[in-house]
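Subject: Structure handover

Hi,

Here's the structure I promised to pass on. Have a look at it first, and then read my notes underneath.

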Amino acid sequence: MAKNKTIKTEASVIDFINTYVDNEQKKTDSFQLIELMSKWSGFEPKMWGPTIIGFGSYHYKYASGHEGDAPLIGFSPRKTAFSLYVYSPIEKHKHLLEDLGKFKMGKACIYAKKLSDINVVTLEKISKATIAYLNEHHECACRN
């Protein structure tokens, strides 16, 4: 079975942003996302793999037997857009996308060029709905 590439590391989130992100607006947006996602999730940011900043964690196991851990929510400040890992594609969450703003939907994430392109209140609702979904369906660090 293939080994998971996206695992939590001890790398510094601040060092990653300061060395990887070469656009000042994207740096500012990254630090704002860290503040917001920490507040929404109740977890401090951690690096997951070389480029994903994640908050909290959950354990998944597929029918195929593949299993691993992943952040509850997170983001990556990619060169062309932010990859926002905040969405569980279930029917009752789809309506939240209507008020999100300017974004593109990927298979596993939402892409936004800058934080000002999206509605932060809606992003919070999506993030919290995802955390609730993961808490209900997986072994999750979000359980108290």
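**Notes on the sheet and the pocket**

Strand 5 and strand 6 are linked by a hairpin, with four residues making the connection. Bear in mind that this is a predicted model.

The two strands of that hairpin run antiparallel and are joined by four bridges. If you want a spot to zoom in on, S76 sits opposite S83 of strand 6.

On its other pairing, strand 5 (residues 73–77) runs antiparallel to strand 2 (residues 52–55), and three bridges hold that pair together. Two of the residue pairs are easy to pick out: G54 has G74 as its bridge partner, and I53 has F75.

Helix 2 (residues 24–41) packs on the sheet, where it touches strand 1, strand 2, strand 5 and strand 6 (82–85). The direction of helix 2 makes about 175° with that of strand 5.

How much of strand 5 is buried? Five of its five residues are, so "mostly covered" is a fair label by the under 20% relative accessible area cut-off. I73, F75 and P77 point one way from the strand, while G74 and S76 point the other way, and the whole set is buried.

Zooming out, the sheet is an open one made of six strands in the order 1-2-5-6-8-7, with antiparallel pairing. Strand 1 (45–48) and strand 7 (104–105) are at the edges and have a single partner strand each, so one side of each has no neighbour in the sheet.

Now for the pocket, which I suspect you'll want to open up next. The largest pocket comes out at about 850 Å³ in volume. Its lining is made up of 29 residues, and Y58, Y62, A70, Y85 and A108 are the ones that lie nearest the centre.

What is the lining like by class? It has 17 nonpolar residues, along with seven polar and five charged ones.

As for where the lining comes from, strand 3 (58–61), strand 4 (67–70) and helix 3 (120–137) supply at least two residues each. Which element gives the most to it? That is helix 3, with three residues.

If you're setting up a view, you could start with strand 5 and its two antiparallel partners, strand 2 and strand 6, and then move over to the five residues nearest the pocket centre, Y58, Y62, A70, Y85 and A108.

Cheers

Key:
Residues numbered from 1 in each chain as written. Predicted model: local features only at pLDDT ≥ 70, side-chain atom pairs only at ≥ 80, totals over all residues. Heavy atoms only, no water. 1 Å grid on protein atoms, 1.4 Å probe; cavity = no way out; pocket = protein on both sides within 12 Å on 5 of 7 lines; lining within 4 Å. Points joined across faces, edges and corners; volume = space filled by probe spheres on them. Nonpolar A, V, L, I, M, F, W, Y, C, P; charged D, E, K, R; others polar. Pairing = 2+ DSSP bridges. Contact = heavy atoms within 4.5 Å. Axes fitted to C-alpha atoms, helices over the stretch in contact; angles between N-to-C directions. Buried < 20%, exposed > 50% of the residue type's maximum accessible area, 1.4 Å probe, protein only.
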